[in-house]
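Work through the exercises below with the sequence and the model side by side. Try each task before reading its solution.

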Amino acid sequence: STAQASEKTYVIDTDVTFPPFVYANEDNKYVGIDMDLIRAIAKEEGFKIKIRPVGFNAAVQSVSSGQADGVIAGMSITDERKAKFDFSDPYYSSGIVMGVKPNGDFKSLKDLKGKKVAVKTGTSGADYANSIKDKYGFKVVTFDDSDNMYNDVKNGNSAGCFEDSAVLAYGVKTGLGLKIATKSTNIGDYGFAVKKGHNKELMKMFNEGLAKLKKNGEYDKIIERYTGEKA
Ligand code: GLN
């Protein structure tokens with residue numbers, strides 16, 4: 001019942017740097033679309049949460065091993081992941097793009113031959129890179145968070161990185177120092193995830209809360225707060 005649920009604190013793991021979905025603001029408070037959404041849903045549904053910004057792959061691992069109750073981190077709903085996780089209704093849509101230095105000479109994926117491409121461990125961007133690396137002849141280098149991945153491109157070690165389009169688009173707008181070099185490849189919408197078959201009540205509350213926020217305009221406000229665009 002909901003009365004019982006309100007006494008439990010759910011541990012929710014997330015990424016460290018994934019703006020506009022998750023990031024630390026100047027006061028070192030974790031904010032962003034995902035953070036505002038989960039907090040608003042918890043408030044609406046009357047449950048408590050403890051948010052742990054542990055990094056994307058760590059968050060995914062801790063949920064699948066039962067050390068955290070849920071993960072919200074711009075996590076794409078994929079068929080492969082559905083074997084291990086139950087996903088909420090989708091709350092955002094994003095594809096994968098390549099980020100490169102603004103003044104480089106990158107024109108197409110063919111230019112990656114013999115070069116390095118940076119990815120973040122455990123992401124669909126990493127899966128995508130691995131699926132085309134032989135075809136284009138590049139080497140994949142992995143990082144635990146997006147900041148270190150971007151830096152590897154900015155310092156010229158990697159020719160580019162694969163990142164979610166919504167995140168890179170936000171980065172371009174906010175002075176990250178990379179540009180988008182490819183068309184977006186679809187990977188599936190973002191969803192909140194729990195370990196498959198576990199935390200059914202939490203998942204139910206998430207979906208109910210999300211539906212309420214969509215209906216009462218709070219969802220739109222959150223999206224606009226971080227993207228400047230209407231949902
Ligand atoms: N959407 C991507 C994925 O699910 C990346 C998520 C992330 O880096 N936080 O793998």
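**Exercise 1: A helix and its cover**

The cover of the buried residues of H2 includes strand E1 (9–14), strand E3 (30–31), strand E4 (48–53), helix H7 (200–216) and helix H8 (218–227). This is a predicted model, in which local features need pLDDT of at least 70 and side-chain atom pairs count only at pLDDT 80 or more, while totals for chains, interfaces and linings use all residues. Residues are numbered from 1 along each chain as its sequence is written.

Task: Find which residues of H2 are buried, and check the span of helix H2.

Solution. Begin with the terms: helices (H or I, at least four residues) and strands (E, at least two) are DSSP runs numbered from the N terminus. A residue is buried if 20 or more other C-beta atoms, placed from the backbone, lie within 10 Å of its own, exposed if 12 or fewer, and partly exposed in between. By that criterion, Ile33, Asp34, Met35, Asp36, Leu37, Ile38, Ile41, Ala42 and Glu45 of H2 are buried. For the span, multiply 1.5 Å by one less than the number of residues; the 13 residues of helix H2 (residues 33–45) should therefore span 18 Å, and the end C-alpha atoms are 18 Å apart, which agrees. Directly after H2 comes Gly46, with a positive phi near 75°.

**Exercise 2: Tyr219 in helix H8**

Task: Decide whether Tyr219 is buried or exposed, and find which residues it is in contact with beyond its neighbours within four places in sequence.

Solution. Locate Tyr219 in helix H8, then count its C-beta neighbours inside 10 Å: there are 23, so Tyr219 counts as buried. Next, take two residues to be in contact if their C-beta atoms, placed from the backbone, lie within 7 Å; leaving aside neighbours within four places in sequence, Tyr219 is in contact with Leu213, Lys214 and Ala231. Finally, compare C-alpha positions: Tyr219 and Ile41 are 178 residues apart along the chain, and their C-alpha atoms are separated by 9.9 Å.

**Exercise 3: Two asparagines and a cis bond**

Task: Which loops hold Asn28 and Asn199, and is each residue buried or exposed?

Solution. Asn28 is in the loop between E2 and E3, and its phi is positive, about 60°, although it is not a glycine. Because 6 other C-beta atoms lie within 10 Å of it, Asn28 is exposed. Asn199 is in the loop between strand E13 (193–195) and H7, with a positive phi of about 50° although it is not a glycine; with 20 other C-beta atoms within 10 Å, Asn199 is buried. For a further backbone feature, turn to the loop between E1 and strand E2 (23–24), where Pro20 is found: the peptide bond from Pro19 to Pro20 is cis, with omega near 10°.

**Exercise 4: Two domains and a ligand**

Task: How far apart are the C-alpha centres of domain 1 and domain 2, and from which domains does the shell around the ligand draw at least three residues?

Solution. The chain is divided into domain 1 (2–92 + 189–227) and domain 2 (95–186), with bounds that come from an automatic or database domain assignment. Their C-alpha centres lie 26 Å apart, and 13 residues of domain 1 are in contact with 13 residues of domain 2. A residue is near the ligand if its C-beta atom, placed from the backbone, lies within 6 Å of it; the residues around the ligand include Asp15, Phe18, Lys120 and Asp164. The shell draws at least three residues from each of domain 1 and domain 2.
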